[in-house]
Amino acid sequence: MQRSSRARKQPLHAHHKSQTDLSAWRKGGTIDSEKSLQSHQSANDQKYDSQEESLEQALSYFEKVQDCVALKKQSVPQKHLDAVESTALKQGLPPEGFEILLNIVLSGKFADTVNTRLLKSLIPASVIPEDSVVKAVSWLCVSKCSGNIKLLFLKWLITMFDYIDHKEQLHALYGIFFSFLQDERLCPCICHLLYLLTRKEHVNPFRIRRLLELQARMGMQSYLQALLSLYKLFCPEQVTITLPGKMKTYFKNSDGPWKAAITAVRQRNQGPSSLSQTLFLGTAQPRSRKRKWNAQLVIPASSANTNNLEDDREKCFYLYSTNESFPLEQLHTFPQLLQNIHRLEFPSQMGSVLTNPLLLHYMNCVKDESIYLRLYYWMGQMLQEECTWCMVDNPYEEEFKSFLETVYKAECFLQEGFSACEEFLYKTLPLWDGFCCRSEVLRLLSWIPLSSFSDIKSYLYDPLAQLFFTSSIYFKCSVLESLKELLQNWLNCNAIQVDLESSSLNTTLSGLVNGVAELVRFVGWISTVGLRLENNSMLLLYFILDFYEIVCDMYLKYNLPLLIMLPAGIFYPALLSMDSVNLNQLCYIMYRTNLVAAKENELCKKKMLQFKFSDQTYQVYNQYIIAMVGCLWTSSAFQKDIHPQGLHMDDELLSKTAVKELRNSFNIVYHPAMMGYSIQFLQQICPDDTTFNFKLIKGKKWNWYLEYLYTQGLKGLKVFIESSISRVSQASCNKAGNAEA
């Protein structure tokens, strides 16, 4: 301690070339050349010079204090304490100041009121030197300070954990921290700190026995369970007891008074210029007030290592040739990841993982449960504390949006959702107004595991349905798009490659099929009601049919033994739609919903009794096919449609309508969605005829008209007609055979 103190006698401002000196810290390490700031330069210089001088004097005073000092109003200690507090809350403290102030706080030279104020002022402007923390822990061991200060210091250490430039010496102090578990008051914070520090080599039988003894004495405390769960992930053969499943919260929030202060410092340091963004906490990305929301993985290295490229190369060579852990600050390329994947150690700051593709690759390759457990805890805490619609007048909605967007991008990269995010959505959706962070929340919904849907009706379906029915058409379309992506993500990630000739199917497949069926039926229900509420909006219908384009491919494309037809409340509005896009979508869906192939498979594979399709599904399919062919081709929809909600009408009722060409009203020539094509076709074949006589489209011209429709991008209509109309289907086969010949 004394040697360190003597080594620091030189003035703080003497280190002109150091990035951590007060002058560079004040000026941001550079001079802003923008003309808009030059007019304020003189006043700002005077202001900052005064603050710098006051802080230097304060640090110098606290460094020289030897004996206990009483704090009195208008006294010298009070003046310097005010200077530290003022500077810390406005700009944060430079790295040099932490060792001095931590030594004062934990050495017991001042009363607890002063030490508390100093601890609350320990806000970093950039990073916190590891050496200062190590020396503070040494003071902690000699018990010069009170229990309240110890507890507050541990909370500060947990909050600032990710701002410490290195962690190796802290890892070496693991045993010392573990010894503090005997203090019941400090135990929750110590468990939290150990949770952040724990590596596999730290787990041993002695520590497991000690934790079990504490649990037997103190009961099933969440913080003890968290540490035991982490130990069990590292060494399952040593932790043989059964632990509860994942909890919503392992540790209480330790941010204390520093959270708001860090936010204020970040905002002041960033300002309107991008320069300050680069300086604050060593990243060129805007830092969030929490530990690492949208930060790049920045692991600070000492200037002795970063300023010498040759030393770096030699160090890299040495690391490649040994079994030591590979430092993450040197991980820049995918080949490096492949060569050192067995020697990487995940960072304690889990938030930085979300924006680092190489570490996300590592998570995909190395299924380390301890990583997911850490991420689960960190993300759960973050989402719970920062949810903008669960608190009043939260000014940080944009930052929360940015965080949710980062989580979503990480889920897309990993092709799976985070369990903490899933639980957050289930918990907060009933409170969501459908407006705050709308696009981010709906995107996160697309990664919820479908396998658990049978148990979450009250957590997902009910609140989502209430919002769907009471919101605008644009919100309805956004929800349907999100649910479509949910289904698509699940099918892509869990494409079931089932050998239909196998003797049996496991129950897991049955549960997944039931989950998908429940989702599709839910979408069918809200879509049917939504169309009624929005007067059969063509925009809403487009998003509904877009969802069912995925549904119709589940059996043939994804080998999922599930066939679900559109509800009649969707089918008939689409069949009678005024928009050719909707009609084309419906034709494609009916073409892809190939129950003929399903029936053949069912007849051939008698062993698939578990997934036998119901007769009602075939019956509805046949009714829809009759209605579509009757409308679009044979002009007999009103006579042959037999669906209970279909178009069948008595001749007497039809005669009362007094509509000419009633039978042809919905064929491919007269259909409201197709009439525009009919007019354009007539203009091409009969340019001089302005009467638009649709009766001319018959015989050979009917076939020409079909070819014309196919050239207009109506691929769905083409495949439906060729697959469902015998004459056209046969002609198409003959044409294909002639082309091959």
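Is C437 buried or exposed? In this predicted model, C437 counts as buried, at a relative accessibility of 1%. The close-up views below begin with this residue and then move to other parts of the chain.

**Figure 1. Close-up of C437 and N536, two residues with a positive phi.** Most residues other than glycine have a negative phi, and most peptide bonds are trans. Against that background, C437 has a positive phi, near 55°, and this residue sits in the loop that runs between α23 (419-428) and α24 (438-445). N536 is likewise not a glycine, and its phi is positive at about 55°; its place is the loop between α27 and α28 (538-551). The surroundings of the two can be read from their accessibility: C437 is buried at 1%, whereas N536 is partly exposed, with a relative accessible area of 42%.

**Figure 2. Close-up of the cysteines C187 and C191, which are not joined by a disulfide.** A disulfide is a covalent bond between the sulfur atoms of two cysteines, and a search of the whole structure finds zero of them. For C187, which is in no disulfide, the nearest cysteine sulfur is that of C191, 4.0 Å away. Why do the sulfurs of C191 and C187 not form a bond? They are 4.0 Å from each other, and that is too far for a bond, because a disulfide is counted here when the two sulfur atoms are within 2.5 Å. Both residues are shut off from the surface, since C187 has a relative accessible area of 0% and C191 also has one of 0%.

**Figure 3. Close-up of helix α8 (residues 130-141) and the helices it packs against.** This helix has twelve residues, and the distance from its first C-alpha to its last is 17 Å, close to the 16 Å expected at 1.5 Å a residue. Which residues of α8 are buried? They are E130, S132, V133, V134, A136, V137, W139 and L140, and the buried residues of this helix pack against α6 (96-107), α9 (147-159), α10 (168-172) and α11 (174-179). After α8 comes S143, a residue whose phi is positive, near 55°.

**Figure 4. Close-up of T159 in helix α9.** T159 is buried, with a relative accessible area of 5%. The side chain of this residue reaches back to the backbone oxygen of K155, at a distance of 2.9 Å.

**Figure 5. Close-up of S678 in helix α35 (residues 675-685).** With a relative accessible area of 0%, S678 is buried. A polar atom of the S678 side chain lies 2.7 Å from the backbone oxygen of V669. When neighbours within four places in sequence are left aside, S678 is in contact with I668, V669, F694, I697 and Y705.

**Figure 6. Close-up of the largest nonpolar core, with L487 among the residues that have the most contacts inside it.** In soluble globular proteins, nonpolar side chains tend to be buried together. The largest nonpolar core of this model has 144 residues, and those with the most contacts inside it are M379, L483, L487, L575, M590 and Y705. Helix α27 (residues 507-533) gives the largest share of this core, eleven residues. Not counting residues up to four places away in sequence, L487 touches L450, V516, L519, F547, I550, V551 and M554. There is also a second, separate core of 83 residues, which includes A58, L101, V105 and V114.

**Figure 7. Close-up of Q336 in helix α19 (residues 334-340).** Q336 counts as buried, at 13% relative accessibility. Although Q336 and L358 are 22 residues apart along the chain, their C-alpha atoms are separated by 9.5 Å.

**Figure 8. Close-up of regions where the confidence of the prediction is lowest or highest.** The mean pLDDT of the chain is 76, and 73% of its residues reach 70 or more. Where is confidence lowest, and where is it highest? The lowest mean, 29, belongs to helix α16 (residues 274-279), and the highest, 95, belongs to α28. Over residues 1-41 pLDDT stays under 50, and the model has 53 contacts beyond four places in sequence for this stretch. The values also stay under 50 over residues 496-507, for which the model has 17 such contacts.

Technical notes: Residues numbered from 1 in each chain as written. Predicted model: local features only at pLDDT ≥ 70, side-chain atom pairs only at ≥ 80, totals over all residues. Heavy atoms only, no water. Helix = DSSP H or I, 4+ residues; strand = E, 2+ residues; numbered from the N terminus. Buried < 20%, exposed > 50% of the residue type's maximum accessible area, 1.4 Å probe, protein only. Polar contact = N/O pair within 3.5 Å; in protein donor to acceptor, adjacent residues only side chain to side chain. Contact = heavy atoms within 4.5 Å. Core = buried A, V, L, I, M, F, W, Y, C linked by side-chain atoms within 4.5 Å. Expected span 1.5 Å × (residues − 1). pLDDT = per-residue confidence, 0-100.
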